[in-house]
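Please open the structure in your viewer and keep the selection panel at hand. The tour proceeds by selection, one stop at a time.

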Amino acid sequence: MSRHLPNPKAQAREYLQIIQSNAKRMNTLIEDLLEYSRVANIDHLKERVDLHAVLEEVRTLIREGEPTGGAIVETEKLPVITGNKTQLFLLFKNLISNGLKYNSAPDPEVQLSYEKSSCWHILKFADNGIGIEPQYQQKVFEMFTRLHDRSKYEGSGLGLAICRNIVHRHNGTIELESQIGNGSVFTVKLPVVGEEG
């Protein structure tokens, strides 16, 4: 009886694909850890930051380099606030990219709305994505939390932990409302400092 021996070239290709996949995953993890670390080390709350300009930078990034696609809808004029531009860019990028990535709608979309109270700048990032089950809605802000298999959605599980860190460093709050199949709304409140627009 003859035994079927594996094809060495096919095995080598399979091993190479596994190595490449693991290397890509490790690179993403390292970049996200560096991003998380930078948030803690940046001197912050010193600048006037035009949030509309920050949003336009995120739009450009998503158009040019992100694999997500989809629409970003700004429903209200965004203000100029006091904060750190790099951190606020990361906040917008992570919340918007997640809304477009974790999405099975024919036309993925994130709507960004703004209102101002006497004490707070209130930003709402509302997507039409897959949603998050109630028992995970606080857990998603913890480091390395992943709710989905990597074969379906790539990522390190650090994005929302970075967002929470940024918002807390700006003395603000971040909350999540979500329903499975009906998308998510992340509400970010950042304090009004002096006479801001």
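What follows is a sequence of selections in a predicted model, each with a description of what is found there.

**Stop 1: helix α3**

Begin by selecting residues 85-101, which make up helix α3. This helix has 17 residues, and the distance from its first C-alpha to its last is 24 Å, close to the 24 Å expected at 1.5 Å a residue. Colour the helix by accessibility: α3 is mostly covered, with 14 of its 17 residues buried.

Now add Asn84 to the selection. Asn84 caps the N-terminal end of α3. To see the contact, display the distance from a side-chain oxygen of Asn84 to the backbone nitrogen of Thr86, which is 3.1 Å.

**Stop 2: the aromatic pair**

How many aromatic pairs does the structure hold? There is one. Select Phe92 and Phe125 to show the pair, which is edge-to-face, with 5.2 Å from centre to centre and 85 degrees between the planes. The two residues are 33 residues apart and link distant parts of the chain, since Phe92 belongs to helix α3 and Phe125 to strand β5 (residues 120-127).

Is Phe92 buried or exposed? Phe92 has a relative accessible area of 0% and is therefore buried. Phe125 also counts as buried, because its relative accessibility is 1%.

**Stop 3: Leu51 and its surroundings**

Keep Phe92 displayed and select Leu51, which lies in helix α2 (residues 51-64). With a relative accessible area of 0%, Leu51 is buried. Which residues does Leu51 touch, not counting residues up to four places away in sequence? They are Leu78, Pro79, Ile81, Leu88, Phe92 and Leu123. Phe92 thus appears again, here as a contact of Leu51.

From this set, pick the C-alpha atoms of Leu51 and Ile81. They are separated by 7.4 Å, although the two residues are 30 residues apart along the chain.

**Stop 4: salt bridges of helix α2**

Side chains of opposite charge can pair when their charged atoms come close. The count of salt bridges comes to three.

Select Arg59 and Glu56. These residues form a salt bridge, with the closest N and O atoms 2.8 Å apart. Both lie in helix α2, three residues apart, which is about one turn of the helix. Arg59 is buried, because its relative accessible area is 16% and the limit for a buried residue is under 20%. Glu56, at 29% relative accessibility, counts as partly exposed.

Next, add Glu74. Arg59 forms a salt bridge with Glu74 as well, and here the closest N and O atoms are 3.7 Å apart. This pair links distant parts of the chain: Arg59 is in helix α2 and Glu74 is in strand β2 (residues 71-74), 15 residues apart. Glu74 has a relative accessible area of 22% and is partly exposed. With Glu56, Arg59 and Glu74 displayed together, one network can be seen, joined by salt bridges that share partners.

Move on to Lys85 and Glu57, whose side chains meet in a salt bridge at 2.9 Å, N to O. This pair too links distant parts of the chain, with Lys85 in helix α3 and Glu57 in helix α2, 28 residues apart. Lys85 counts as partly exposed at 36% relative accessibility, and Glu57 counts as partly exposed at 35%.

**Stop 5: helix α4 and the loop after it**

Select residues 159-169, helix α4. Eight of its eleven residues are buried, so this helix is largely enclosed by the rest of the structure. The buried residues are Gly159, Leu160, Ala161, Ile162, Cys163, Asn165, Ile166 and Val167.

Then select Asn171, in the loop between α4 and β6 (173-178). Its phi is near 60 degrees, a positive value in a residue other than glycine. Most residues other than glycine have a negative phi. Is Asn171 buried or exposed? At 53% relative accessibility, Asn171 counts as exposed.

**Stop 6: cysteines**

Return to Cys163 in α4, which is among the buried residues of that helix; its relative accessibility is 0%. Select Cys119 next, which counts as partly exposed at 44% relative accessibility. How many disulfides does a search of the whole structure find? The search finds zero.

Technical notes
Residues numbered from 1 in each chain as written. Predicted model: local features only at pLDDT ≥ 70, side-chain atom pairs only at ≥ 80, totals over all residues. Heavy atoms only, no water. Helix = DSSP H or I, 4+ residues; strand = E, 2+ residues; numbered from the N terminus. Expected span 1.5 Å × (residues − 1). Buried < 20%, exposed > 50% of the residue type's maximum accessible area, 1.4 Å probe, protein only. Polar contact = N/O pair within 3.5 Å; in protein donor to acceptor, adjacent residues only side chain to side chain. Phe/Tyr/Trp six-rings, centres within 6.5 Å; stacked < 30°, edge-to-face > 60°. Disulfide = S-S within 2.5 Å. Contact = heavy atoms within 4.5 Å. Salt bridge = Lys/Arg side-chain N within 4 Å of Asp/Glu carboxyl O.
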